[in-house]
Amino acid sequence: QVQLVESGGGLVQPGGSLRLSCAASGSTLRIAAMGWYRQAPGKQRELVASITIRGSTNYADSVKGRFTISRDNAQNTVYLQMNSLKPEDTAVYYCDTVPVPSYWGQGTQVTVSS
């Protein structure tokens, strides 16, 4: 049974930074491409960053140059470093497999506001 636990969200001022973590149980994720998704109020969930098993990354245009996804396969953990945050980054952030998300966790709230 795979479980995903996201953490690291919070309230931050515009221009600030946060680092999200996603701890995964279950050995399956060591061989899975992973991604960070987000869902803002009234909007569809979107994929903002992904990383392959070998570390190749891809980003949505809206976060390119500001967010960095990384992973520690030994620790079964995926990270999202978010810099230069904007109010439009406000959302609940989830990690899951890509391209098909399968294990939704509870997510972590990120609020960017002055």
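In what order do the 6 strands of the open sheet stand? The order is 2-10-9-4-5-6, and the pairing is mixed.

Good morning. Before I continue, a word on the model. The structure is a predicted model, in which local features need pLDDT of at least 70 and side-chain atom pairs count only at pLDDT 80 or more, while totals for chains, interfaces and linings use all residues. Residues are numbered from 1 along each chain as its sequence is written, and side-chain values use heavy atoms, with hydrogens and water left out.

I begin with the sheets. A strand here is a DSSP run of E with at least two residues, numbered from the N terminus, and two strands pair if DSSP finds at least two bridges between them. In general, strands of a sheet pair through backbone hydrogen bonds, either parallel or antiparallel.

In the sheet of 6 strands, the edges are strand 2 (10-12) and strand 6 (57-59), and each of these pairs on one side only. Neighbouring strands of this sheet are turned against each other by 25 degrees on average, direction ignored; the angle is taken between axes, which are lines fitted to C-alpha atoms, and such angles run from 0 to 180 degrees between N-to-C directions. Within this sheet, strand 4 (residues 34-39) and strand 5 (residues 46-51) are paired in the antiparallel sense over 5 bridges. Tyr 37 has Leu 47 of strand 5 opposite to it.

There is also an open sheet of 4 strands, with the order 1-3-8-7 and antiparallel pairing. Its edge strands are strand 1 (3-7) and strand 7 (67-72), each pairing on one side only. Here the average turn between neighbouring strands is 15 degrees, direction ignored. Strand 3 (residues 18-25) runs antiparallel to strand 8, and 6 bridges join the two. Leu 18 has Met 82 in strand 8 as its bridge partner.

Let us stay with strand 8 for one residue, Thr 77, which has its place there. Is Thr 77 buried or exposed? Thr 77 is buried, at a relative accessible area of 11%; buried means under 20%, exposed over 50%, and partly exposed in between, with a 1.4 Å probe and protein chains only. The side chain of Thr 77 reaches the backbone oxygen of Gln 75 at 2.9 Å. This is a polar contact, that is, a pair of N or O atoms within 3.5 Å, one able to donate a hydrogen and the other to accept it; residues adjacent in sequence count only if both atoms are side-chain atoms. Leaving aside residues up to four places away in sequence, Thr 77 touches Cys 22, Ala 23, Ser 70, Arg 71 and Asp 72, where contact means heavy atoms within 4.5 Å.

I turn to charged side chains. How many salt bridges does a search of the whole structure find? The search finds 4, a salt bridge being a side-chain nitrogen of Lys or Arg within 4 Å of a carboxyl oxygen of Asp or Glu. Glu 46 and Arg 38 meet in one of them, at 2.8 Å from N to O. Glu 46 is partly exposed, with a relative accessible area of 34%, whereas Arg 38 is buried at 5%. Arg 38 also forms a salt bridge with Asp 89, with the closest N and O atoms 2.9 Å apart. Asp 89 lies in the loop between strand 8 (77-82) and strand 9 (91-97), and Arg 38 lies in strand 4, so this pair ties together parts that are 51 residues apart in sequence. Asp 89 is buried, at 0% relative accessibility. Salt bridges with shared partners join Arg 38, Glu 46, Arg 66 and Asp 89 into one network. Lys 64 and Asp 61 also meet in a salt bridge, at 3.2 Å from N to O, and Asp 61 is exposed at 67%.

My last topic is the aromatic rings. A pair of aromatic rings is described by the distance of the centres and the angle of the planes. Rings of Phe, Tyr and Trp (its six-membered ring) pair if their centres lie within 6.5 Å; planes under 30 degrees apart count as stacked, over 60 as edge-to-face, and the rest as tilted. The count comes to 2 aromatic pairs. Tyr 37 and Trp 104 form an edge-to-face pair, with 5.0 Å between centres and 75 degrees between planes. Tyr 37 is in strand 4 and Trp 104 in the loop between strand 9 and strand 10 (108-112), 67 residues apart. Tyr 37 is buried at 6%, while Trp 104 is partly exposed at 34%. The rings of Tyr 94 and Trp 104 have centres 5.6 Å apart and planes at 80 degrees, so this pair is edge-to-face. Together, Tyr 37, Tyr 94 and Trp 104 form one aromatic cluster.

Thank you for your attention.
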